[in-house]
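Work through the following exercises with the coordinates open beside the text. Each one sets a task and then reasons through a solution step by step.

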Amino acid sequence: MEQLLAVLIDGIIYSAWLFVAAVGLTLIYGVMKIVNVMHGSFYALGAYAAASITGALLAHGMAPYLSYAVLLGAALLVTVIVAPLIERGILRFMYAKDEVVILLITYALFLIFEDVIKLIWGVNPYFVAEPYGLLGSFDIGDLTYPYYNLILVGVAIVCGAGLYWMLGHTRTGKLLVAVIHDTEVSRAMGINVDRFYLLTFTFGSLLAAIGGAYTAPTVSVVPGLGVEVIVLSFAVVVIGGLGSLPGAALGAVIVGLVRSATIHYLPQAELFVIYLVMAMVLAFRPRGLFSLAEARKI
Amino acid sequence: MSTRRDLTPRTLVLILVAILATGPFAPQWTVFLLTVALAKGLVVLGLMILLRCGLVSFGQALYYCIGAYAAGMLGRLFQVSGVFTLMLAGMVAAAAAGFVFGFLLARYRSIFFGLLSLAISMILYGLLVKTEALGSSDGFNLLPSTLFGVRPADTWVRYMVLAVAAAVAFVSTLLVHRYLRTPLGRLAPAIKDNEIRVEYMGASARHAIHVKYVIAAALAGLGGGLAATTVGHIDPEMAYWTTSGEFIFITILAGTGSVIAPFLGALIFGIIQSVAFDISPNTWQMVLGSSLLVVILFLPNGLWSLFTRRKAS
């Protein structure tokens, strides 16, 4: 019973992390039809910016409780600088190309940013443990959990609910849904599709950066941080269905619970189980669990 | 279709002779670089066959890794160390796996083909990382290479592996070249352009893709077995997605214009990688990424199109 509870709690925390890391990927795919390998770079950029800026401010005597806002601010800062540059500077010339070619372009950008990060922040690890330890921890039975994990869950809920509200209940969101369904008709109706692409790419990347920023206090920020995030987010997004917001949530919960269950009951299978689930979903529902049938085009 | 004579077999013979003749005089590191390029070139040759149908596999490292581990296991369990045998073992193991997975993957196209192959290769990675009997994430070392039971002097081992690799690559490349000119081989661009019309003609796209998939897997296994004996060490990273990414990188760099292109691409990749790594260890990925961008933007048909363009003018 105790262990089941632990599985559940670990699973929820891990799902929350996965959701924040992956949801931007599904948003970008839904709107722009780009499988964005660079998503991992934004995750890493967010983590580095958060760790270095928060660390520096704390060293200069900032009130520790402000660090939670600074984490967010750092993610915002780095994305607002980098994402529009990438979208306006490179990606917008590529939209006519094949999906797979655009994937390769984002892969090239990912390789470049792996080194850009090293050039800016060097190869030594960064630590900002203060925000993690600050809130203390709570006990459930014999298990101890830091309160910080609740912040992560909160961030996930805010991101998910915020996106859901924005897409369904605001003017911008409704226009965006129109763009998702048919770019050409939206353009003909006078929607500024280019602006929506820019917004989507920036916002989607921001979500990745936020994921990185709020993970930074729990890990040591080292080069290569984004590499694993890419495949994990691919798995989450593919399980739910590329481009589907509830799909990403479901994918995150499935992967999160499955992983925490295997860690507790069968630790040798930890990594491979996630990809097994991904392969099974692709094998039986190639377009993911939340997806509509697509007409075959001749 | 041009009526010009097919120059590829002749060029291949020339390259083989050049490699065999200059190998003994070349410094050890160039021999190593060349052998690794041959191993990767074999994998990329398979990816090129798939790319001609418009399929990009983001998990070809699966078969590379299967080939390498098949070779490694053979050495570990039965003390086999023959280069030729190990490569062959890698090929057979990978082809068998490719045959099985082919039933599933031949139904998939575009991004979903890539993602499913990625998932399958990551499953293998996850399994190997946690398998202590095979050294977990550290992998294990292979026995020193021999050929038909003969173990040459230390200075000659690398040349021997290179010679065998060159011969095997020569034969495989020639066979692939022939295959691409058979009706089944010529279906590839048709499948890429319009699959439904291929079906109207009475050909089965799924079957054609399955065949190509098994060929690609066999080539990747061959390359994996070769890489294992050349480097002398194998680990689960061989199945990780970044390895697949590297192969796709070379495929795009090389282009699908000729069966020689993958090897040229792999060699150039090896040179860029080692030179960039030498000059500045922290920016070699940046150099690679930028070259990939430049190639996609300015040479969408790969480096090989430089040759064909000149011929046309």
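**Exercise 1.** Describe how helix H1 (residues 2-32) of chain A packs against helix H11 (residues 245-265) of chain A, giving the angle and the axis separation.

*Solution.* In this predicted model, the axes of H1(A) and H11(A) lie 7 Å apart and make an angle of about 140°. The next step is to class that angle: angles over 145 degrees count as roughly antiparallel and those from 65 to 115 as roughly perpendicular, and H1(A) and H11(A) are therefore oblique to each other. As to handedness, the crossing in which H1(A) passes H11(A) is right-handed. The last step concerns composition, and here the residues of the contact of H1(A) with H11(A) comprise 16 nonpolar, 8 polar and 2 charged.

**Exercise 2.** Carry out the analysis for helix H7 (residues 183-193) and helix H9 (residues 205-231) of chain B, and state which residues make the contact.

*Solution.* Begin with the geometry: H7(B) and H9(B) pack with their axes 10 Å apart, at an angle of about 115°. Because 65 to 115 degrees is the range that counts as roughly perpendicular, H7(B) and H9(B) are roughly perpendicular to each other. H7(B) passes H9(B) in a left-handed crossing. On the side of H7(B), the contact is made by B:Leu184, B:Leu187, B:Ala188 and B:Ile191, while H9(B) contributes B:Ala205, B:Ala208, B:Ile209, B:Val211 and B:Lys212. Sorted by class, the contact of H7(B) with H9(B) has 8 nonpolar residues, no polar ones and 1 charged residue.

**Exercise 3.** How many residues of chain A are in contact with chain B, and which element of chain A gives the most to that side?

*Solution.* The count comes first: 33 residues of chain A are in contact with 34 residues of chain B. On the side of chain A that touches chain B, the elements giving two or more residues are helix H4 (99-121), helix H10 (225-240) and helix H12 (270-284) of chain A. Of these, H4(A) gives the most, with 15 residues. Divided by class, the residues on this side of chain A are 27 nonpolar, 1 polar and 5 charged.

**Exercise 4.** Assess, for each chain in turn, how the radius of gyration stands against the value for a globule.

*Solution.* Chain A has 12 helices and 2 strands, and from the N terminus on its elements run α-α-α-α-α-β-β-α-α-α-α-α-α-α. For 298 residues a compact globule would have a radius of gyration near 19 Å, and the 19 Å of chain A agrees with this. The C-alpha trace of chain A spans about 60 × 45 × 35 Å along its principal axes, and 49% of its 298 residues count as buried. Among contacts in chain A between residues at least 6 apart in sequence, those joining residues at least 24 apart make up 77%.

Turning to chain B, which has 13 helices and 2 strands, the globule rule gives 20 Å for 313 residues, and the radius of gyration of 19 Å is close to this, so chain B is as compact as a globular protein of that length. The C-alpha trace of chain B spans about 55 × 45 × 40 Å along its principal axes, and 51% of its 313 residues count as buried. Of the contacts in chain B with a separation of 6 or more, 80% are accounted for by residues 24 or more positions apart.

**Exercise 5.** Where is A:Lys33 found, and is it buried, partly exposed or exposed?

*Solution.* A:Lys33 is found in the loop between H1 and helix H2 (39-59) of chain A. With 15 other C-beta atoms within 10 Å, A:Lys33 is partly exposed. Its backbone deserves a separate step: most residues other than glycine have a negative phi, whereas phi of A:Lys33 is positive, near 60°.

**Exercise 6.** Place B:Gln79 and B:Leu34 in chain B, and class each as buried or exposed.

*Solution.* B:Gln79 is found in the loop between helix H3 (61-78) and helix H4 (83-105) of chain B, and has a positive phi of about 55° although it is not a glycine. With 8 other C-beta atoms within 10 Å, B:Gln79 is exposed. B:Leu34, in turn, lies in helix H2 (residues 28-51) of chain B, and with 24 C-beta neighbours inside 10 Å it counts as buried. Leaving aside neighbours within four places in sequence, B:Leu34 is in contact with B:Ile19 and B:Leu162. Finally, B:Leu34 and B:Gln79 are 45 residues apart along the chain, and their C-alpha atoms are separated by 26 Å.

Definitions and conventions:
Residues are numbered from 1 along each chain as its sequence is written. Chains are lettered from A and ligands numbered from 1 in the order in which they are written. This is a predicted model: local features need pLDDT of at least 70, side-chain atom pairs count only at pLDDT 80 or more; totals for chains, interfaces and linings use all residues. Two residues are in contact if their C-beta atoms, placed from the backbone, lie within 7 Å. Helices (H or I, at least four residues) and strands (E, at least two) are DSSP runs, numbered from the N terminus. Ala, Val, Leu, Ile, Met, Phe, Trp, Tyr, Cys and Pro count as nonpolar, Asp, Glu, Lys and Arg as charged, and the others, Gly among them, as polar. Axes are lines fitted to C-alpha atoms, for helices over the stretch in contact, and angles run from 0 to 180 degrees between N-to-C directions. Angles under 35 degrees count as roughly parallel, over 145 as roughly antiparallel, 65 to 115 as roughly perpendicular and the rest as oblique. A crossing is left-handed if the near helix is turned anticlockwise from the far one by less than a right angle, and right-handed if clockwise. The radius of gyration is taken over C-alpha atoms; the globule rule is 2.2 Å times the number of residues to the power 0.38. A residue is buried if 20 or more other C-beta atoms lie within 10 Å of its own, exposed if 12 or fewer, and partly exposed in between; C-beta atoms are placed from the backbone.
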